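Please take the structure below and go through its local features. The report covers aromatic contacts, internal cavities, strand pairing and backbone outliers.

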Amino acid sequence: MPGTNLTRDEAATRAALLDVTSYTVELDLTTGEKTFGSTTTLEFSCREPGASTFADLVDATVHEITLNGRSLDPATAYADSRIALDGLEADNVLVVRADCTYSHTGEGLHRFVDPADQRVYLYSQFEVPDARRVFTTFEQPDLKSSFTFQVTAPEHWKVVSNSPTPQPEPAGNGAAVWRFEPTVRMSTYITAIVAGEYHEVLDTYEGKFGTIPLGHYCRQSLVEHMDTEELVRTTKQSFGFFEEKFDFPYPFGKYDQLYVPEYNMGAMENAGCVTLRDEYLPRSRQPRSFYEFRTSVITHEMAHMWFGNLVTMKWWDDLWLNESFAEWACYWCEAEATDFTDAWTGFANARKQTGYRADQLPSTHPIAADNVDLHAVEVNFDMITYAKGASVLKQLVAWVGLEPFVAGLRQYFKDHAFGNATFDDLLAALERSSGRELQGWAREWLQTAGVNTLRPSFELDDEGRYTSFTVEQSAPADYPTLRRHRLGIGLYDAEPGEAGTERLVRRHYLEVDVEGASTAVAELVGKRQPALLLLNDEDHAYAKIRLDERSLDTAVTGLSRLDDSLARALVWGATWDMTRDAELPARDFVRLVLANIGTETDSWGVTRIPVSAAMAVNLYSDPGSRAELRAEWEAGLRELLLAAEPASDHQLTFARAYAGAARSEAGLADLEALLDGSLQVEGLVVDQDLRWTLITGLAAGGRFGDAQIDAELERDRTISGQEKAAAARVAQPTAEAKALGWEAIMDPATPNETSREMVLSIFRAGQDEVVAPYLEKYLDAAGTLIDTLGFHKASIVLEHGFPKALASPELVDRVEQWLAATDAPKAAQRYAREGVADVVRALDAQACDTRAAGA
Ligand SMILES: [Zn+2]
């Protein structure tokens, strides 16, 4: 039984048989709150008349199937999410009339009623295989077609799709019909329908290839928070950049960006009809990193219009390439065409870290995954796909050079426009444009998993000059591949700065090709040892780097003396890796952060590094002295908060971190005083989201209960308020709060985003007693969760609901025993395996910190 699966072989067979001419999709959105009408007319030709195939349709009530005028009985022809099609002719017309189901999981056609004003909002989300939840499809990326949507909806709605929005025609009873023009050829997964009482703002972009109409949309209750001018500016900057670099006109006519509720991901690159999570229109103050990230999302989706939508992968094997490319291109565009010129530093401080982390989990896999079917896509779609992939493309650009890389891309777009291609096609184009052989590079980087570690090794003469210098490369035992790296090396010395200060200034920089276990760097022999030697300076490489003893000492005693933000990001990254790898005690990392974060200038650095430090405190520190380290962390954050420049991002970040860390009586009293205004910090506005952050801290500390949370919800009757209140409730350190929270998380009726907020809040450090029963509950649920909650919601629970805070050798034994015996789905086992690996890592790091605590 295929269920909702589809194999690569089945897709290849179907693609060899069929050519799809057109889809006409009639949707009736006026038939109720649970289902909608969906009639699909599919015209396609068949290369072998008489042959059989199937169409896809999920979770539908099928009323009528007609193939070439022949009526098929839905009771027999529609089974197991497929419609069997036999006796095909050379040219075929399939008509399927059905009712499909609205979703509340963010997959298919999601329906949302805004609690603020009861208005209705719908949006579709189809990648990877969910167009078939809304209409009848051949659900695979290489059966491209033209699509004609006709949508019947309440006449006062907006309806947006891939083609420009037509004038609606009255259809009686307060309804209207929108007849969209046929689209250019595209894959099913980038088609889209967004409908509801959306607010609309129109604009136009005048580019080198002509005019592109722009639309921005959001819910009515968010209108005041949509900073359209800024969004339009970013959109125009990005169009200017990509049209110039790709040298190919934007292929989809108009460009709408719709900010939609309860969205699972950041955004989706539907052709000309991009959907984005509407948390990107913040009602409260956000730090610069928030806007930096939002800009990268906007540029990421736009990059897909060419890479992914114009030229599309043949099968999901190349999904990594689709995402890695958009990821790499979005930072490239952001750094060169928008205000966020230091976007690559942000990449190093935040996104790239998620790639390193994913690559050291037991679930790591080669970037180019072997996706034999849709289930394999589900397990292989992660931060290897995005963050590691983008890092490795960045290394590829360093390897072939940016200009040849862009020249190869341009040719690739011209050669495969409106069609499908594979990674080999791209590689061939890049080999031609660069003259470099890339097959070997691709094998080493894309078809193997794991991250290498690079460390300096050297000898010095009596005067402190290098007499030998090598870069040592190692690999984890399970993934022993050593790779070729284009690597920058920076030598930094202390020099007097302004007003008696001291700066770390780069004296020398070189680039070398590292290969094998040991690479001698002759150029450094005879050079004076610097105060700080930084491998991977400029961050071209994807590798963990280590600091030698002197460099580590320089970093720890004054990281903020280093002026270059990217160099600092590499030091932050190196020290964090060393902490995670039990080579640097957690307390040293925490103190490094407390001493230097106040002067960090990179927006992502300021936001992310305190999150790592909190993890070091709560998970990686010596359990015997953790209480003291927690107190030190709490007190340090309080000091940073009070010392921060008024109204700065630092101040906001430290306020949030302090709310998360404050557990002492005095600390909780501070949170309460900030909330009621009796404690004022100059420049710090306690707005609605910061109020929820403080309330959650107070709830986690046992100071606030349901009464205070209910009272806040009275003030904030928005969906965001409901989600934050749910998170605050489950944060309370009581058995009852955890039980009610877990029940809601297990309930399919709980909306996706509400569930996510609860999962991220429920199992907190320092609440061991009330969290303890949930390891067994987690393992019990793991077998059925994907079935009961849907894939996306279940994945969030399985990934973030693993109670890591209970780290102990007993937990490791118990989960390993469970893994050996369970028949839970692979995706569920994957998250349990990851959870246990995180715990093993934590126990090692704790032992390292225990040694330091005793010293
Ligand atoms: Zn993407």
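In this predicted model, a search of the whole structure finds 53 aromatic pairs. Two of them are set out here.

| Pair | Geometry | Centre to centre | Angle between planes |
|---|---|---|---|
| F290 and Y291 | edge-to-face | 5.1 Å | 75° |
| W576 and Y620 | tilted | 5.8 Å | 35° |

F290 has a relative accessible area of 18%, so it counts as buried, the cut-off being under 20%. Y291 has 26% relative accessibility and is therefore partly exposed. In the other pair, W576 and Y620 are both buried. W576 belongs to helix 13, and Y620 belongs to helix 15 (residues 603-620), so their contact ties together parts that are 44 residues apart in sequence.

Rings also meet charges. The charged end of R436 sits over the ring of W399, at 4.5 Å from the ring centre. R111 places its charged end over the ring of Y102, at 5.8 Å from the centre.

**Cavities**

How many cavities of 30 Å³ or more does the search find? There are 5 in the whole structure. The largest has a volume of about 100 Å³. It is lined by 14 residues, and the closest to its centre are Q353, Y356, D539, L570 and G573. Three elements give two or more residues to this lining: helix 6 (343-359), strand 29 (544-545) and helix 13 (565-580). Helix 13 supplies the largest share, with 5 residues. By class, the lining has 7 nonpolar, 4 charged and 3 polar residues. Helix 13 thus has a place in this lining and also carries W576 of the tilted pair.

**Strand pairing**

Strand 25 (residues 485-496) runs antiparallel to strand 26 (residues 502-514), and 12 bridges join them. Within this pairing, Y492 has R506 of strand 26 as its bridge partner. The two strands form a hairpin with 5 residues between them. There, A499 takes a positive phi near 45°.

Strand 25 also pairs with strand 28 (residues 532-535). That pairing is antiparallel too, with 4 bridges. I489 stands opposite L535 of strand 28.

**Backbone outliers and loops**

Most residues other than glycine have a negative phi, and most peptide bonds are trans. Some sites in this model depart from that pattern.

Which peptide bond is cis, with omega near 10°? The bond runs from E127 to V128. V128 lies in the loop between strand 10 (120-125) and strand 11 (146-154).

D247 has a positive phi, near 55°. Its loop connects helix 3 (228-246) and strand 18 (255-260). D247 is partly exposed, with a relative accessible area of 28%. A582 likewise has a positive phi, near 60°. A582 is found between helix 13 and helix 14 (586-596), in a loop.

P623 is in the loop between helix 15 and helix 16 (626-643). Its relative accessible area is 46%, so P623 is partly exposed. Where does the chain bring P623 and D849, 226 residues apart? Their C-alpha atoms are separated by 9.0 Å.

Note on methods:
Residues are numbered from 1 along each chain as its sequence is written. This is a predicted model: local features need pLDDT of at least 70, side-chain atom pairs count only at pLDDT 80 or more; totals for chains, interfaces and linings use all residues. Side-chain values use heavy atoms; hydrogens and water are left out. On a 1 Å grid over the protein atoms alone, a cavity is a set of points where a 1.4 Å probe fits but cannot get out, and a pocket is an open set with protein on both sides within 12 Å along at least five of seven lines; lining residues have an atom within 4 Å of a point. Grid points are joined across faces, edges and corners, and a volume is the space filled by probe spheres set on the points. Ala, Val, Leu, Ile, Met, Phe, Trp, Tyr, Cys and Pro count as nonpolar, Asp, Glu, Lys and Arg as charged, and the others, Gly among them, as polar. Two strands pair if DSSP finds at least two bridges between them. Rings of Phe, Tyr and Trp (its six-membered ring) pair if their centres lie within 6.5 Å; planes under 30 degrees apart count as stacked, over 60 as edge-to-face and the rest as tilted. Buried means under 20% relative accessible area, exposed over 50%, partly exposed in between (1.4 Å probe, protein chains only). A charge sits over a ring if NZ of Lys or CZ of Arg is within 6 Å of the ring centre and within 35 degrees of the ring normal.
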